[in-house]
Amino acid sequence: MLRSKKTYRIPDVLLCVFKYIPYHVVALLLFMLWTALLPAFQTLAVASFVDNVTAYLAGNLALRGVFLALFCVLFFQFCIIILPALNRILEETGRNKMGLKLQIELLHKRACLEYHYVEEKESWDLVERITKDPSSQFISVFFNAMNLVSLSVTVFSILLIIMRTAPIAGIAIIVVAIPFCGLATRSGKENYGLAREGQKIQRRYQYLEDILIGRDTVEERNLFSYSNAVGKEYDRLCRKSFQIEKKIQRKSFINLKSGSVVTVILAILIIAFLFPSFYEGKLSLGLMIGLVTAIWNLVQSMSWQLSEMMFAFAQSSEFCKELTEFMAMDEKSGACVLPALRNQIKIDSVEFRDVSFCYPGTQNYVLHNCSFLLERGKSYAFVGENGAGKTTIVKLLLGLYEEYEGKILLNGIDVKEYPYEELKSFFAVLSQDFVRYELSIQENVFLGDVNVKDENRMYDALIKSGLEEMISGFPDGVSTELGHLKENGTDLSGGQWQRLAIARLLYADAQINVLDEPTSALDPMQESKIYNLFHEVRGDCLTIYITHRLGAARIADKIFVLKDGLIKEAGVHEELVQLENGFYREMYESQRAWYE
Ligand code: ADP
């Protein structure tokens, strides 16, 4: 229902809410209208009750008339008490119903976004803000608008009663209320600005809180004993955030109190205006009492409600702006389509021809005229120091970025010409931060190829990855649940998780396998072991090893040495170590001790 590249304003969001939950919206609108008119009805009911009692005491009315008026007063009072609860139930069920539909749409959009948004912090923050509990945000926009309409209806209906009996008092209220509304609006917007500033600080101290108490950081926290140092910064940010909060509270309080003073003055003024009409008999005692009470309540609620509503209104506008930005984000076509069935096209060659690239929004070229040719059945290593551009090569190869100079060819055809779902099916990647899925062992492996669930292939991959012994030790075998999410979950060691990730890679049975330093957290010998393990079982595919540790690269048929985005040297290990003043040789000499 949401559309890309559309400017969303508050009415558009309201329309979306209506389309998602039409019955709830109609019911809520009726409730709102009834709630908004209640103060006016209650005013009339109180007036009639007082007048009827007076008439009864004077002997001009039967007791029945008094009871009838009393019943009306009680009925409206009952509505005032019960309606908010019914409203909340409707809001809750509406939110849940809309949540399901919205979540699906927004998550789909999120999954299809171009890859660079994932890497740009600002953009990703925006994505997270919009996709986290979107139904609450949509419902808030709806309720903010409804509250504003409701207040307007209430004010209008009471004004109508006043104008009918004492027009001058009505005009006086309007004249006094206009600057009053202006003040409340300004204060609401100011408070919203402050709250946004507070939110930024809050996000930062919440992150520090995660570091201070999180499970993932427990080892480093103990090792480096940084709790005190981080705690100080946490404390500083908390104080700053509380100060902002205090400022908002103070402003609201001043607003409220000044509102109350104005309320008293206004009420006295109105009573003064109403008095002549009452004296002349145009206004009954009941109506006089009812009106004074209603005006009192009305002006008082306007003094804080308006300010809060303007705060909420600013929030709604900000949400619409962010929703527009999110929906305008570019999508990668085919990103959400399942990869095509594997091995339908044989990939014989991969070629980079004079590829130069800089990341979007930056000026520095990360790759400069990079050229190389890779062939089927062989293995290649890209080595170089951190930041040399190795992972960038992989990202370009996978089609994650398309704005580059030069050409990237698969079987001599530009990668941009392959539909994305086909391109995805050629590759399997084991990256530095591969995921430890808290699922069963077999589900972990099956994720390698979502198109097929083949038990034989799964066992084959697990055996080749050297996990047979470990699995036979588990009573539930491949159905063993991993991680801590399930009560009986089993945790694996770092090396076992890596082997499982390799099993997933083997199960994927892709034609081009990329191992991008999946072992960077391990020592160099372990890395060599894992690379050797994969090398032995990899079969006929084209393999790319990315590493800054040369021991692991030795197994490759050809090594490309990258420095500052340039291929400086290429060859087999034995050739490269012979090169006088060679960069590879220098690196190798400095790393040699790791393997001795
Ligand atoms: P390597 O894999 O060799 O360690 P990378 O290919 O990850 O290096 O990075 C190469 C250079 O590109 C580094 O200077 C890095 O800071 C920069 N870089 C990586 N990702 C981004 C990004 N998303 N935006 C801007 N610069 C980036």
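**Helix H11 and the ligand site**

In helix H11, the residues Lys 390, Thr 392, Ile 393, Val 394, Lys 395, Leu 396 and Leu 397 are buried, so that 7 of the 8 residues of this helix are covered. The model is a predicted one, and the description that follows should be read with that in mind. Just after H11, Gly 399 adopts a positive phi of about 80 degrees.

Helix H11, which spans residues 390-397, also gives the largest share of the shell around the ligand, with 4 residues. The shell includes Lys 390, Thr 391, Thr 392 and Lys 395, together with Glu 385, Asn 386, Gly 387, Ala 388 and Gly 389, and it also takes in Glu 119, Tyr 359 and Val 366. Sorted by class, these surroundings comprise 3 nonpolar, 5 polar and 4 charged residues.

Several polar atoms of the protein come up to the ligand. A polar side-chain atom of Thr 392 is 2.5 Å from a ligand oxygen atom, while a polar backbone atom of Gly 387 lies 2.7 Å from an oxygen atom of the ligand. On the side of Glu 119, a polar side-chain atom is found 2.4 Å from a nitrogen atom of the ligand. The ligand taken alone exposes 560 Å², and the protein buries 65% of that area.

Glu 119 has a further partner, since it forms a salt bridge with Lys 395 in which the closest N and O atoms are 2.7 Å apart. This pair links distant parts of the chain, with Glu 119 in helix H4 (residues 115-119) and Lys 395 in helix H11, 276 residues apart. Lys 395 counts as buried because its relative accessible area is 14%, whereas Glu 119, at 35%, is partly exposed.

The structure holds 20 salt bridges, and two others can be set beside this one. Asp 449 pairs with Arg 457, with the closest N and O atoms 3.1 Å apart; Asp 449 is buried at 4% relative accessibility, but Arg 457 is partly exposed at 23%. Elsewhere, Glu 91, Glu 92 and Arg 95 are joined into one network by salt bridges that share partners. Between Glu 375 and Lys 378 the N to O distance is 3.4 Å, and here Glu 375 is partly exposed at 34%, as is Lys 378 at 36%.

A last feature lies on the surface, where Trp 34, Phe 71, Phe 75, Phe 78, Ile 82, Leu 86 and Ile 89 make a nonpolar patch of about 670 Å². Helix H3 (residues 63-112) supplies the largest share of this patch, 6 residues. Phe 75 is placed in helix H3 and is partly exposed, with a relative accessible area of 36%.

Conventions:
Residues numbered from 1 in each chain as written. Predicted model: local features only at pLDDT ≥ 70, side-chain atom pairs only at ≥ 80, totals over all residues. Heavy atoms only, no water. Near = heavy atom within 4 Å. Polar contact = N/O pair within 3.5 Å; in protein donor to acceptor, adjacent residues only side chain to side chain. Areas by Shrake-Rupley, 256 points an atom, 1.4 Å probe, with all protein chains shown as cover. Helix = DSSP H or I, 4+ residues; strand = E, 2+ residues; numbered from the N terminus. Nonpolar A, V, L, I, M, F, W, Y, C, P; charged D, E, K, R; others polar. Patch = residues over 30% accessible without salt bridge, like charges linked within 9 Å, V, L, I, M, F, W, Y side chains within 5 Å. Salt bridge = Lys/Arg side-chain N within 4 Å of Asp/Glu carboxyl O. Buried < 20%, exposed > 50% of the residue type's maximum accessible area, 1.4 Å probe, protein only.
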